[in-house]
Amino acid sequence: MLSTLAAHAGRSPRAHATAPWWRDAVIYQVYVRSFLDSTGDGVGDLAGVRAGLPYLRKLGVDGIWLSPFYPSPQHDHGYDVADYQDVDPVYGDLAEFERLVAQAHRLGLKLLIDIVPNHCSAEHRWFREALASGPGSRARSRFHFAPGRGPNGDEPPNNWHAMFGGPAWTRVTEPDGTPGEWYLHLFTPEQPDLNWRDPRVGEHFEQVLRFWLDRGVDGFRIDVAAGLYKDPALPDSDDPTADERTRDSVNPLAWNQPEVHDVWRRWRAVCEEYTASDGVERLLVGEVSVPTAREHALYVRPDELHQAFFFDLLSAPWDAAAFRAVIDEALRDIAGTGSTVTWVLNNHDQVRTVTRYAGGPGAEHVGAARARAAALLMLALPGAAYVYQGEELGLPEVLDLPDDVLTDPIFRRTGSRARIRDGCRVPLPWSGQASPFGFSDGAAGVRTWLPQPEWFAEYATDRALADTRSFWHLYRDGLQLRRGLPQLGEGPLRWLEAPPQVLAMVRGDGLVCAVNFGTETVPAPVPGAPLLASGPCPAGELPGATAAWWSTDTPDS
């Protein structure tokens, strides 16, 4: 198989090899805390990421995106930032970060960092100043402070609820010891929302961008990119618990305000300055959660974000019609802006793909087959793709973490395990038969920050590399073909007629990808053995829960 793949991948250079690198890049999401621990303290760090770069280069990705590594009290594991221009000692220091950037670039890998502009930590110096300064102060205008309602101001200023549970407002004690104003936090009380109507906030973040661009980063993943601005009147919501109920940004008063687009235009201009200096494009990719692909497309207009994650593929049920509908919608509305669609199947906030597609206990083999097929489909689609760490190992969700080890603020705020995220963040297994499975650089018995189950041994990286049938080899082979075949990455897609529960497409001239979402074997869309398949795939057949690629002359549709 490897020789066949190499032959096909080496036939001709990519037709779009001169296009900006990000348009069809495959980026690997590194959740730093759980990737690789270089110090033996049970927590991943930047030096661990640097040590793992050759592994990622061998896998074949084009770059990495790092989760937040800034100084933070870790109430939401780095998404509560106390200082946007430094490194938390848990993860290293600025010198180590610069070594990581240099090594990534030596290996030909791009490096993106996470930036969190919607909110900061309650321990950020701005918020401490706001608490100390009192009502009406300029320090408070950087946040959303407001008097309470009711005779004594004992009720929150409006009825909004936080996404992670409970009211979106917390009352403060004023410097004189009296109960005082309330401040807005759309996630947790430890993450006060910034007020982007204060120009000092925007000015500061442009300085933050330049700080990291000067240190060689290739771009930014923007957290909550549809956030930042709120309805200035902060009125009551007709559905105040919508965000809490869905764990999504659906309150139209708190998200997706028109002013946010001006921020992305300013940030794009900053990136273009650096691009003009050396010809290498710096990337802005947004976490944009909005109701429709048409609204999503507004964020990737030519002078705004380069890309925004398209989450509809991730949330689509395992059904051919559902997948085709979201793919068509994305290609029509998003690609129509001149951007490319940014496909994702998983991230650090979602149940792992294998478990999600299984649909319930005892069906792990079904989930694994579907996850393999979905991966091959995603890599065949036009545009860019992001792969969350551990997906290349086929890791399932860890569902049985004890309550006393859970760290997700959703659990702390609600007492419920519904939609908690710890199970997809357990440290990766690298080698061996027992925890820490090579994750920590030290003697056996190191306690990882979240406990690894015994069954992680089956998914360790050393086993995956040794087994040519593993998820890892499927991803590596798919990435190798994607890099070498001119039909893949950016370019046209044409659907073929196919049986029910089958999607079949032609990419470019002569590359066919088909996915069988059903359970029964169907005839393959073209004769002959596939170049690559997600599971056993005899010539002329396409088994259930299987995807395959064929190189052939374009068939009639």
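This briefing describes sheets, helices and selected loop residues of one protein structure. The model is predicted. An open sheet of 5 strands and an open sheet of 3 strands are covered, along with a run of parallel pairings that involves β9. The helix topics are the crossing of α2 with α15 and the surroundings of α5. The loop residues include Q74, G489 and P436.

**The sheet of 5 strands**

- The strands of this open sheet follow the order β12-β13-β14-β18-β16, and their pairing is antiparallel.
- β12 (493-495) and β16 (532-533) are the edge strands, each of them pairing on one side only.
- Strand β18 (residues 546-551) is joined to β16 by 2 bridges, and the two run antiparallel.
- Across this pairing, L532 is opposite W549 in β18.
- Helix α12 (residues 364-380) packs on the sheet, where it touches β13 (502-507), β14 (511-516), β16 and β18.
- The direction of α12 makes about 40° with that of β18.

**The sheet of 3 strands**

- This open sheet has antiparallel pairing and the strand order β4-β6-β5.
- β4 (145-146) and β5 (169-173) are at the edges; each has a single partner strand, so one side of each has no neighbour in the sheet.
- β5 and strand β6 (residues 179-184) run antiparallel and are joined by 4 bridges.
- Within that pairing, T170 has Y183 of β6 as its bridge partner.

**Parallel pairings of β8, β9 and β10**

- Strand β8 (residues 283-286) runs parallel to strand β9 (residues 307-310), with 2 bridges between them.
- V285 is opposite Q307 in β9.
- β9 also pairs with strand β10 (residues 342-344), again in the parallel sense and over 2 bridges.
- In this second pairing, F309 is opposite T342 in β10.

**Helix α2 against helix α15**

- Two packed helices are described by the angle between their axes and the distance between the axes.
- For helix α2 (residues 46-59) and helix α15 (residues 471-484), the axes come within 8 Å and cross at roughly 65°.
- On the α2 side, the contact is made by Y55, R57, K58 and L59; on the α15 side, by W472, Y475, R476, L479 and R483.
- Sorted by class, the residues in this contact are 5 nonpolar and 4 charged, with no polar residues.

**Helix α5 and its cover**

- Helix α5 (residues 199-213) has 15 residues.
- From its first C-alpha to its last, α5 reaches 22 Å, close to the expected 21 Å.
- The buried residues in α5 are R200, V201, G202, H204, F205, V208, L209, F211, W212 and L213.
- Elements that cover these buried residues include the helices α3, α4 (125-133) and α7 (260-278), and the strands β3 (110-115) and β7 (219-222).

**Loop residues: Q74 and G489**

- Q74 is in the loop between β2 (63-66) and α3 (94-106).
- Q74 counts as buried because its relative accessibility is 15%, below the cut-off of 20%.
- A polar atom of the Q74 side chain lies 3.3 Å from the backbone nitrogen of G78.
- Apart from its neighbours within four places in sequence, Q74 is in contact with R33, D80, D88 and Y91.
- G489 is in the loop between α15 and β12, and is buried with a relative accessible area of 0%.
- From C-alpha to C-alpha, G489 and G528 are 24 Å apart in space; in sequence they are 39 residues apart.

**Backbone geometry in loops**

- Most residues other than glycine have a negative phi, and most peptide bonds are trans.
- S435 and P436 are joined by a cis peptide bond, with omega about 15°.
- The loop that holds P436 is between α13 (409-414) and α14 (461-466).
- V224 is a residue other than glycine with a positive phi, near 50°.
- V224 is in the loop between β7 and α6 (242-246), and counts as buried at 9% relative accessibility.
- N256, also a residue other than glycine, has a positive phi near 60°.
- N256 is in the loop between α6 and α7, and is partly exposed, with a relative accessible area of 26%.

Methods. Residues numbered from 1 in each chain as written. Predicted model: local features only at pLDDT ≥ 70, side-chain atom pairs only at ≥ 80, totals over all residues. Heavy atoms only, no water. Buried < 20%, exposed > 50% of the residue type's maximum accessible area, 1.4 Å probe, protein only. Polar contact = N/O pair within 3.5 Å; in protein donor to acceptor, adjacent residues only side chain to side chain. Contact = heavy atoms within 4.5 Å. Pairing = 2+ DSSP bridges. Axes fitted to C-alpha atoms, helices over the stretch in contact; angles between N-to-C directions. Nonpolar A, V, L, I, M, F, W, Y, C, P; charged D, E, K, R; others polar. Expected span 1.5 Å × (residues − 1).
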